[in-house]
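Please open the model in the viewer and keep the selection panel at hand. The tour proceeds from a single pair of side chains outward to the parts that they join.

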Amino acid sequence: MKNYQIETILSTNRKPKPDSAHLEFGRTFTDHMFIMDYTEGTGWHDPRIIPYQPISLDPSSMVFHYGQTVFEGLKAYLSEDGKVFLFRPDRNFNRLNHSNARLCIPQIDEELALEALKQLILVDRDWIPQAEGTSLYIRPFIISTEPHLGVAPSENYQFIIIMSPVGSYYKEGIHPVKIAVEQQYVRAVAGGTGEAKTGGNYSSSLKAQEVAEKVGYSQVLWLDGRENKYVEEVGSMNIFFKINGQVVTPALNGSILAGITRDSIIQLLKHWNVPVVERRISIDEIYQAYKDGVLEEAFGTGTAAVISPIGELLWKYEKLVVNSGEIGKLTQELYDTLTGIQNGTKPDPFGWRIEVNPENTAKDMHSGSLIY
Ligand SMILES: *Cc1c(COP(=O)(O)O)cnc(C)c1O
């Protein structure tokens, strides 16, 4: 393993840990963060783990004006026997670089990023909650920091990783959600930034979400931005349907985000010999399947909830109730298996689970400042 020089400055002012029974998503953060700077000409430099703290930026920093920023989301899990696991973290840093390419942000060293994350996790290891369904949510992100109002790629960036203990997404058990099919707004268009994980996709999706919530729906189902006809995603998750025994999910088309949960579900289904296809799916086809009584299950996939079953779709004033509003059998099996692989209670035939421990993390770093 390469010996990355990551300087570590430990916090002398440790925060109290929150009660793991009352964790709100993304509200509390651990004692440390990772940060690294980019300067045109020099490249990425000064990777360091420092006490969690505010960052100071010039008001003209480009990120505030033109949104040149990307992010990732993944989780660390603490197993019953005290092991720390990450789930396919290499995919997240690889995707971060894909997003970087789309947003004209310089590529990061994926291996360094993973190494930095492992070291950060070991420093804040006692922040990982252990109760069933809980985890440590990890948010790597990059912002453009050049103080300049010109519209051009920034010459300076910061790559930061922060971490937040999160509670079980399904404290009261898994309840299928109601989804409104969005007919006015779109999330992304082919050729746009839909396949990059960038803040702008989220800010532009807030309006539809707000409108849907007002009429009692928890999320929207996004249709394509060209014809307003083909199913793309649900909220900020990928979407799957089980129709007449076959699982279908929209093929990656340039405006859909390539979810790591999505990919894992596809691989799992293939492993189980359950027919699964990636293709274009129109909302009319979903409606017809519903009318024919063969729309058996529907669910969204993403890191935060892993799987979110859909109990109802509102489409042109008609309520399409899926599986009597209950979680489907296959949906439940996928949820149990994937979460079991992630938290170490189920076998991992795919090698997706990565243990984080001092033995597989370069610790021979700067002046021995790291204390495990
Ligand atoms: C992050 C994200 C997903 C889910 O990706 P995972 O890797 O499974 O967490 C799906 N859609 C959008 C728009 C996203 O931003």
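Select Asp263 and Arg88 and display their side chains: the two meet in a salt bridge, with 2.9 Å from N to O. The model is a predicted one, and the distance should be read accordingly.

Next, colour the chain by domain. Domain 1 comprises residues 7–171 together with 352–371, and domain 2 comprises residues 177–326. How many salt bridges cross the interface of domain 1 and domain 2? The rule finds one. Polar contacts may be displayed as well; between the two domains, 10 residue pairs are in polar contact, with both residues at pLDDT 80 or more.

Now select, on the domain 1 side, β4 (69–71), β5 (74–78) and α2 (89–102). Each of these elements supplies at least two residues of the side that touches domain 2. The greatest contribution to that side comes from α2, with five residues. Colouring this side of domain 1 by residue class shows nine nonpolar, five polar and six charged residues.

Widen the selection to both faces of the interface. Here 20 residues of domain 1 are in contact with 21 residues of domain 2. The two domains bury about 1700 Å² between them, and 59% of this area lies on carbon and sulfur atoms. Within it, select Phe71, Arg95 and Arg102: these residues supply 34% of the area that domain 1 buries against domain 2, more than any other three residues.

Finally, zoom out to view both domains. Their centres, taken over C-alpha atoms, are separated by 29 Å.

Conventions
Residues are numbered from 1 along each chain as its sequence is written. This is a predicted model: local features need pLDDT of at least 70, side-chain atom pairs count only at pLDDT 80 or more; totals for chains, interfaces and linings use all residues. Side-chain values use heavy atoms; hydrogens and water are left out. Domain bounds come from an automatic or database domain assignment. Contact means heavy atoms within 4.5 Å. Buried area is the accessible area (1.4 Å probe) that two parts lose on being put together, summed over both. A salt bridge is a side-chain nitrogen of Lys or Arg within 4 Å of a carboxyl oxygen of Asp or Glu. A polar contact is a pair of N or O atoms within 3.5 Å; within protein, one must be able to donate a hydrogen and the other to accept it, and residues adjacent in sequence count only if both atoms are side-chain atoms. Helices (H or I, at least four residues) and strands (E, at least two) are DSSP runs, numbered from the N terminus. Ala, Val, Leu, Ile, Met, Phe, Trp, Tyr, Cys and Pro count as nonpolar, Asp, Glu, Lys and Arg as charged, and the others, Gly among them, as polar.
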